[in-house]
Amino acid sequence: MSADHDDPYAVHSIGPDTGGDALNGHVAWSPATSLWQAAMLAGTLAAPVFFSLSGLAVFFVLTGATLLVGHSVGFHRRLIHGSFESPRWLDYLMMWLGTLVGMSGPLGMIAAHDLRDWGQRQAACHPYLSNRAGFWTDYAWNLHGRLVLDAPPRQVIPPRIAHDPFYRFLERTWMLQQVPVALVLFAIGGWSWLLWGVAARICVSVTGHWYVGRLAHRTGPQSWLVETSGVQAHDVPWAAIPTMGEAWHNNHHAWPGSARIGLYPGQADWGFALIRLLERLGLAWNVRTPETLPERPELARA
């Protein structure tokens, strides 16, 4: 495993000695992101007017592919937590598919994920980070705003990621990456394929990511507690399949460096199934699971 991810329990872009106050700050409107989300919502509302079974099929296929290969396996388990290793060409393919989900590029994803992860490990954090605001406030904050802390921590993305030309390209052009996909879909299936395959896919993926994340930090089953963290995680069983296993969030907080998130019988984890397939094909190695991770003293049974 690379040196960037040697500690499977660390927040890799924010060290323990970087300072910062996770509680005090405000949420500011993020114009570009807000307009992007509004455009995707408008396209989603128009999609039923152009409904077709083929358009719906495109929606399911592209949503599943980008969430499974791009977001869950690529962005989250590979890029952010380094829970396995893979060849560079496959890394790049996964990062592109992750970017197509429509939330951000790889660098923005690391920054947003790690700030929330760091904040939830503090004794107290801003309600933006803990999803403790009211439903519509939390929705508006997460899809249309950005948190501005009065005293943010020093955040340094590992150089092998931050300096990678392809990752930087995806970060600069993450919205524009939808254009070639949109052109191909429109050429083949017209407005139906375009609206269902781009706008509805992005709107459902981004909104669903926020909603499941809100539930996962507020209510639901728990097997483990991280005694040093101010915010504990919960599982969201009904969302296990649409999130490709990410909804077993209590397990993830317990072992963030594990490639396997669904740990117990009945806990579907399509992301880990894909990683095991890649491993059998020789395209993934150093796959980490709770059985191979070091003991975590702050972990206790719920």
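Let us begin with the cysteines of this predicted model: the count of disulfides comes to zero. Two cysteines are worth finding in your viewer all the same. C125 is buried, with a relative accessible area of 11%, and C203 is buried as well, at 13%. No disulfide is counted here because that would take two cysteine sulfur atoms within 2.5 Å.

From the cysteines, turn to the aromatic rings. The structure holds 18 aromatic pairs. One of them joins F135 and W136, whose rings sit 5.0 Å apart from centre to centre. With 85 degrees between the planes, the F135 and W136 pair is edge-to-face, because planes over 60 degrees apart fall in that class. How accessible are the two partners? F135 is partly exposed, with a relative accessible area of 35%, while W136 counts as exposed at 64%.

A second pair to look at is made by Y211 and W238. Here the centres are 6.4 Å apart and the planes make an angle of 40 degrees, which gives a tilted arrangement. Y211 belongs to helix α9, which runs over residues 178-216, whereas W238 sits in the loop between β3 (224-226) and α10 (249-254). The pair therefore ties together parts that are 27 residues apart in sequence. Y211 is partly exposed at 31% relative accessibility, and W238 is exposed at 54%.

Which residues make up the aromatic cluster that holds these rings? F135, W136, Y139, W210, Y211 and W238 form one cluster, so both of the pairs described above belong to it.

The loop that carries W238, between β3 and α10, deserves a longer stop. T243 is also placed in this loop and is buried, with a relative accessible area of 18%. What does the side chain of T243 reach? A polar atom of that side chain lies 2.6 Å from the backbone oxygen of A239, and the T243 side chain also reaches the backbone oxygen of A240, at 3.4 Å. M244 has its place in the loop between β3 and α10 too. At 7% relative accessibility, M244 counts as buried. Its backbone is also notable: M244 has a positive phi of about 65 degrees although it is not a glycine. Most residues other than glycine have a negative phi.

Another positive phi in a residue other than glycine is found at N131, where the value is near 60 degrees. N131 lies in the loop between α5 (127-130) and α6 (135-144). With a relative accessibility of 3%, N131 is buried.

Now for the empty space inside the model. Rolling a probe the size of a water molecule over the atoms shows where such space is left. The structure holds one cavity of 30 Å³ or more, and the largest cavity encloses about 40 Å³. Which residues line the largest cavity? They are R78, L79, D91, M95, R160 and Y167. Helices α2 (53-80) and α3 (88-100) are the elements that give two or more residues to this lining. By class, the lining has three nonpolar and three charged residues, with no polar ones.

Open space comes next. The second largest pocket has a volume of about 220 Å³. Its lining is formed by A10, V11, I14, G15, P16, T18, G19, W118, R121 and Q122. Those residues divide into five nonpolar, four polar and one charged; the charged residue is R121, because Arg counts as charged.

Helix α2, met at the cavity, also contains G55. G55 is buried, with a relative accessible area of 0%. If you would like a sense of distance across the model, take G55 together with E295: their C-alpha atoms are separated by 48 Å, and the two residues are 240 residues apart along the chain.

The tour ends with R296, in the loop between α11 (270-280) and β4 (299-301). Is R296 buried or exposed? R296 is buried, with a relative accessible area of 8%. Its side chain is joined to the side chain of E298 by a polar contact of 3.0 Å.

Technical notes
Residues are numbered from 1 along each chain as its sequence is written. This is a predicted model: local features need pLDDT of at least 70, side-chain atom pairs count only at pLDDT 80 or more; totals for chains, interfaces and linings use all residues. Side-chain values use heavy atoms; hydrogens and water are left out. Rings of Phe, Tyr and Trp (its six-membered ring) pair if their centres lie within 6.5 Å; planes under 30 degrees apart count as stacked, over 60 as edge-to-face and the rest as tilted. Buried means under 20% relative accessible area, exposed over 50%, partly exposed in between (1.4 Å probe, protein chains only). Helices (H or I, at least four residues) and strands (E, at least two) are DSSP runs, numbered from the N terminus. On a 1 Å grid over the protein atoms alone, a cavity is a set of points where a 1.4 Å probe fits but cannot get out, and a pocket is an open set with protein on both sides within 12 Å along at least five of seven lines; lining residues have an atom within 4 Å of a point. Grid points are joined across faces, edges and corners, and a volume is the space filled by probe spheres set on the points. A polar contact is a pair of N or O atoms within 3.5 Å; within protein, one must be able to donate a hydrogen and the other to accept it, and residues adjacent in sequence count only if both atoms are side-chain atoms.
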